[in-house]
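Trainee: I'm new to this one and would like a close look at a single part. Could you walk me through the empty space inside it?

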Amino acid sequence: MPKQCIIALDLEGVLSPEIWISVAEQTKINELRLTTRDISDYDELMQHRLKILDEHSIKLSFIQSIIEKLPLLDGAREFLDTLRFTHQVIILSDTFAEFAKPIMKNLGYPTLFCHNLEIKDDKITGYKLRQKNQKQHAVEALQSLNFTVFAAGDSYNDITMLQAANKASLFRATDSLKAQFPQFKAVEEYGELLEIISTFPLCLLEP
């Protein structure tokens with residue numbers, strides 16, 4: 001019996017805008033523009049963000065109000081709907097459940113694996129990883145269940161997921177990331193990504 005194929009996608013930068021960049025634009029705090037494209041150590045990045053939020057008294061509800069107004073990336077919903085018509089899709093993200101709900105609503109509520117924030121009186125006091133390297137572990141767990149996995153992401157925190165997958169692509173990644181990891185086909189448009197998935201033999205559907 002052939003293995004079934006699951007598509008694992010990053011969220012921010014692949015389907016939605018980067019949340020922290022959007023917060024930076026609204027608050028005019030340029031230090032919040034840093035993402036996993038810039039800093040590969042996730043804890044270092046999050047501690048940096050938490051420090052800035054505390055210094056500027058930025059509350060969870062304020063960030064949520066920004067996320068509520070965020071549009072999806074142009075064509076993201078159509079891409080995901082097309083993909084889900086023929087394949088199972090899981091969003092593997094290092095965002096937080098407290099941030100993601102409006103984005104998931106706009107995407108038609110796909111399955112999401114992510115993390116949680118620690119909150120006290122509307123203040124973000126910390127964060128709790130659901131699991132360290134959760135994207136990689138999720139891919140490996142799916143493979144242990146006899147699934148083939150195709151993965152796509154755009155940042156440093158996606159690399160272990162891409163390396164674990166049976167086939168993977170970088171989507172709208174930086175030139176430096178593409179140069180560091182040339183083994184992953186780099187694409188810029190959803191149509192290109194659909195083409196790669198549709199021609200990957202292990203993800204072809206049975207007639």
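Trainee: How do the residues of the lining of the largest cavity divide into nonpolar, polar and charged?

Mentor: Happy to, and keep in mind that this is a predicted model. The lining of the largest cavity has three nonpolar residues, six polar ones and seven charged ones. Let's see where that cavity sits. Searching the whole structure turns up one cavity of 30 Å³ or more, and the volume of the largest cavity is about 150 Å³. It is lined by 16 residues, and the closest to its centre are Glu-12, Glu-18, Thr-36, Asp-94 and Asn-157. As for elements, helix H2 (42-55) and strand S2 (88-96) are the ones that give two or more residues to this lining. S2 gives the most, with four residues.

Now set the largest pocket beside it. This pocket has a volume of about 320 Å³. Its lining also counts 16 residues, and here the closest to the centre are Tyr-42, Asp-94, Lys-132, Asn-133 and Asn-157. You'll recognise Asp-94 and Asn-157, which are also among the residues closest to the centre of the cavity. H2 comes back too: this helix and helix H6 (134-144) each supply at least two residues of the pocket lining. By type, the pocket lining splits into four nonpolar, seven polar and five charged residues. So when you turn the model around, try finding Asp-94 and Asn-157 to begin with, as both are listed for the centre of the cavity and for the centre of the pocket.

Methods:
Residues numbered from 1 in each chain as written. Predicted model: local features only at pLDDT ≥ 70, side-chain atom pairs only at ≥ 80, totals over all residues. Heavy atoms only, no water. 1 Å grid on protein atoms, 1.4 Å probe; cavity = no way out; pocket = protein on both sides within 12 Å on 5 of 7 lines; lining within 4 Å. Points joined across faces, edges and corners; volume = space filled by probe spheres on them. Nonpolar A, V, L, I, M, F, W, Y, C, P; charged D, E, K, R; others polar.
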